[in-house]
Amino acid sequence: MRPAIETEKEFISRIEKHQGIIHKICFVYAKNESDREDLYQEIILQLWKSYPSFKENSAFSTWMYRVALNTAITQIKKPNLLLLHVEMPSVGDDSISRMEASEDVKVLYEAISQLNKIEKAIILLWLDEKSYEEIADTIGISIKNVSVKLVRIKAKLAQLIQKLQ
């Protein structure tokens, strides 16, 4: 068993390396900055609580996505946490700043906000260039089901985007 201080340092290092995952999930699942901050803290807490169960059977980022998405999906059942209107985040991340400049990205995220919670999770993973296998593993569905759902989600997004423009 590793000493607690090593575990804590390792955890912090891994979270810092993959914190973009948490920011994306918070952005998609929370409706404003305050809710994003609350959800971010809840995800970090759940990751810390679950960290001892991480057995490295999958990539850390895949495990992290699974815990973070499950936390977000659970939290949106609480009042005032469901994304109703997209605000671009004011995070210091350069990739987020670049997204703010693009009206197309704003429209895309507005359309994503209208998907159901599982569709949001799947498209978020796909946009993050995860393989169908990684998406299936993270969501807990078959690879074939990922393929079918992505076709449907993309078609639904195309219709939503057309309405928004």
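Trp126, Leu127, Tyr132 and Ile143 together form a nonpolar patch on the surface, with about 320 Å² of accessible area between them. Such patches are built from residues with over 30% relative accessible area and no salt bridge, with nonpolar side chains (Val, Leu, Ile, Met, Phe, Trp, Tyr) joined within 5 Å and like charges within 9 Å; a salt bridge is a side-chain nitrogen of Lys or Arg within 4 Å of a carboxyl oxygen of Asp or Glu. Areas come from the Shrake-Rupley method with a 1.4 Å probe, and for residues only the protein chains shown count as cover.

The model is predicted, and local features need pLDDT of at least 70, side-chain atom pairs count only at pLDDT 80 or more, while totals for chains, interfaces and linings use all residues. Residues are numbered from 1 along each chain as its sequence is written, and side-chain values use heavy atoms, with hydrogens and water left out.

Within the patch, Leu127 belongs to helix α7 (residues 117-127), where helices (H or I, at least four residues) and strands (E, at least two) are DSSP runs numbered from the N terminus. Leu127 has a relative accessible area of 35% and is therefore partly exposed, a class that lies between buried (under 20%) and exposed (over 50%), for a 1.4 Å probe and protein chains only.

The largest nonpolar core has 43 residues, and those with the most contacts inside it are Ile22, Ile25, Tyr29 and Leu47. A core here is a set of buried Ala, Val, Leu, Ile, Met, Phe, Trp, Tyr and Cys residues joined through side-chain atoms within 4.5 Å. Among the elements that give two or more residues to this core are α1 (4-17), α3 (33-50), α8 (132-139) and α9 (143-164), whereas the largest share, nine residues, comes from α4. Tyr29 also has Lys120 over its ring face, at 5.3 Å from the ring centre; the criterion is NZ of Lys or CZ of Arg within 6 Å of the centre and within 35 degrees of the ring normal.

A search of the whole structure finds eight aromatic pairs. Rings of Phe, Tyr and Trp (its six-membered ring) pair if their centres lie within 6.5 Å, and planes under 30 degrees apart count as stacked, over 60 as edge-to-face and the rest as tilted. Two of the pairs are set out below.

| Pair | Centre distance | Plane angle | Class |
|---|---|---|---|
| Phe27 and Tyr109 | 4.8 Å | 65° | edge-to-face |
| Phe60 and Trp63 | 5.4 Å | 40° | tilted |

The pair of Phe27, in helix α2 (residues 19-29), and Tyr109, in helix α6 (residues 103-112), links distant parts of the chain, 82 residues apart. Phe27 is buried at 4% relative accessible area, and Tyr109 is buried at 10%. Phe60 and Trp63, by contrast, both lie in helix α4 (residues 60-75), three residues apart, about one turn of the helix; Phe60 is buried at 8% relative accessibility and Trp63 at 7%. Ring pairs also join Phe60 and Trp63 with Phe11, Trp48, Tyr51 and Phe54 into a cluster.

Most residues other than glycine have a negative phi. Glu56, in the loop between α3 and α4, has a positive phi near 60°. Glu129 likewise has a positive phi near 60°; this residue lies in the loop between α7 and α8 and is exposed, at 73% relative accessibility.

Thr138 lies in helix α8 and is buried, at 6% relative accessibility. Thr138 and Leu125 are 13 residues apart in sequence and 8.8 Å apart in space, C-alpha to C-alpha.
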